[in-house]
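Please walk me through this structure, one region at a time. I have not seen it before.

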Amino acid sequence: MAQIYRGRFAPSPTGPLHKGSLVAAIASYLEARKHNGQWLVRMEDVDERRNVDGAADCILRSLEAYGFEWDEDILYQSHRKQAYSQALDTLRHQGLIYPCTCSRKSLRAKAAQGEILTGQLGYIYPGLCSDNHFSDFKPADYAVRIKVPEENFGFTDELLKHHSTQNLKHDLGDFIIRRRDGLFAYQLAVVVDDAYQNITHVVRGVDLLDSTPRQLYLQQCLNYPRPAYAHLPLILCENGDKLSKQTGAQDIGDKADSALMVACLDFLGQKPPSGLEKDTLANVWQWAGENWNLI
Ligand SMILES: [Zn+2]
């Protein structure tokens, strides 16, 4: 029997839902429904310092207003620390992780002096602490980094249709999977949760394209299956920045708007017929379901 399609929408509760995140919700939802699959919602609240009180509920109210129906209970990353901790232990038993005591300040100074190279994704961490032993430090004094191989990690994006690859050693260096403040890094949390929820297809914004090779590597280390990936274009502001809560994107609220839904479909290249924006939300969904094509 073929594996059932399982997709997800995974917002961070750093503010209310806005048009950019609605686009990702619509695309992941319609793609899952097209494949008679399941669609899950995961609240990516792992970075507790960035969470905004009430934002998670606000996002869910918006999704409900728009008529999204999710399968299974919502998974909150803030409730998953034990699972992330177990994954960390698995990596530790493999000798893949080490405590890094470098401060941001010291890394910045080394980069300024040219002792550390900087790539497109920031500092290329050269493994300065890779001989450190956990027993020599207190957890509050280190971040945990994972050793990366001198190897390319790549995948062919289902939407972009092109092969994206990174040599983790050359492009990034050993990366942090648990921060010094004790919070688990997004890269680890998302990989553990995608595996836990049996996600087969990830449809998300292209801003996460650069994260994918790190996630493929963690999946390999943890012996998890690899989902398929499709990265959606981002809605940009007038100045070219990604439309986001940080750049002042408007809250879409808890009253659904056919015109906004149609605008999102149009942005996703679906060519909705003119006049659909004045139709009922139910009819917009029906048209979208019948005509959806991830292109
Ligand atoms: Zn270090």
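**A guided tour**

In β9, N152 has N167 as its bridge partner. That bridge belongs to a larger pairing: strand β8 (residues 152-156) and strand β9 (residues 163-167) run antiparallel over five bridges. Strands count as paired if DSSP finds at least two bridges between them. Helices (H or I, at least four residues) and strands (E, at least two) are DSSP runs, numbered from the N terminus. β8 and β9 form a hairpin with six residues between them. In the turn, K161 has a positive phi of about 60 degrees.

A word on the basis of these values. This is a predicted model: local features need pLDDT of at least 70, side-chain atom pairs count only at pLDDT 80 or more, and totals for chains, interfaces and linings use all residues. Residues are numbered from 1 along each chain as its sequence is written, and side-chain values use heavy atoms, with hydrogens and water left out.

Next comes the metal site. Which protein atoms are the donors of the zinc ion? They are C100 (SG), C102 (SG), Y125 (OH) and C129 (SG), lying 2.0 to 2.3 Å from the ion. Donors are N, O and S atoms within 2.8 Å of the metal (3.2 Å for Na, K and Ca); water is not among the atoms, so sites may look incomplete. The angles that the four donor atoms subtend around the zinc ion are 100 to 124 degrees, which makes the arrangement tetrahedral. For four donors, that label requires all angles to lie between 85 and 135 degrees. Along the chain, the donors follow the spacing C-x1-C-x22-Y-x3-C. C100 lies in strand β4 (residues 97-100) and Y125 in the loop between β6 (122-123) and β7 (143-146), so this pair ties together parts that are 25 residues apart in sequence. Both C100 and Y125 are buried. Buried means under 20% relative accessible area, exposed over 50%, and partly exposed in between (1.4 Å probe, protein chains only).

Now turn to helix α6. It is mostly covered, with nine of its 11 residues buried. Among them are L188, A189 and V190. A189 lies in this helix, which spans residues 186-196. A189 counts as buried because its relative accessibility is 0%. Leaving aside neighbours within four places in sequence, A189 is in contact (heavy atoms within 4.5 Å) with V46, Q77 and Y84. After α6 comes N198, whose phi is positive, near 50 degrees.

Y84 also leads to an aromatic pair. Rings of Phe, Tyr and Trp (its six-membered ring) pair if their centres lie within 6.5 Å; planes under 30 degrees apart count as stacked, over 60 as edge-to-face and the rest as tilted. By this rule there are 10 aromatic pairs. Y84 and F184 form one that is edge-to-face, at 5.6 Å centre to centre with 65 degrees between the planes. Y84 sits in helix α3 (residues 81-93) and F184 in the loop between β10 (175-178) and α6, 100 residues apart.

Last, the interior. A nonpolar core is a set of buried Ala, Val, Leu, Ile, Met, Phe, Trp, Tyr and Cys residues joined through side-chain atoms within 4.5 Å. The largest has 42 residues, of which L22, I26, L63 and F68 touch the most other members. Its largest share, nine residues, comes from α1. A second, separate core of 35 residues includes F155, L172, L188 and L218.

Definitions and conventions: Four donors count as tetrahedral if all angles lie between 85 and 135 degrees; four count as square planar and six as octahedral if opposite donors are over 155 degrees apart and all others between 65 and 115; anything else is irregular.
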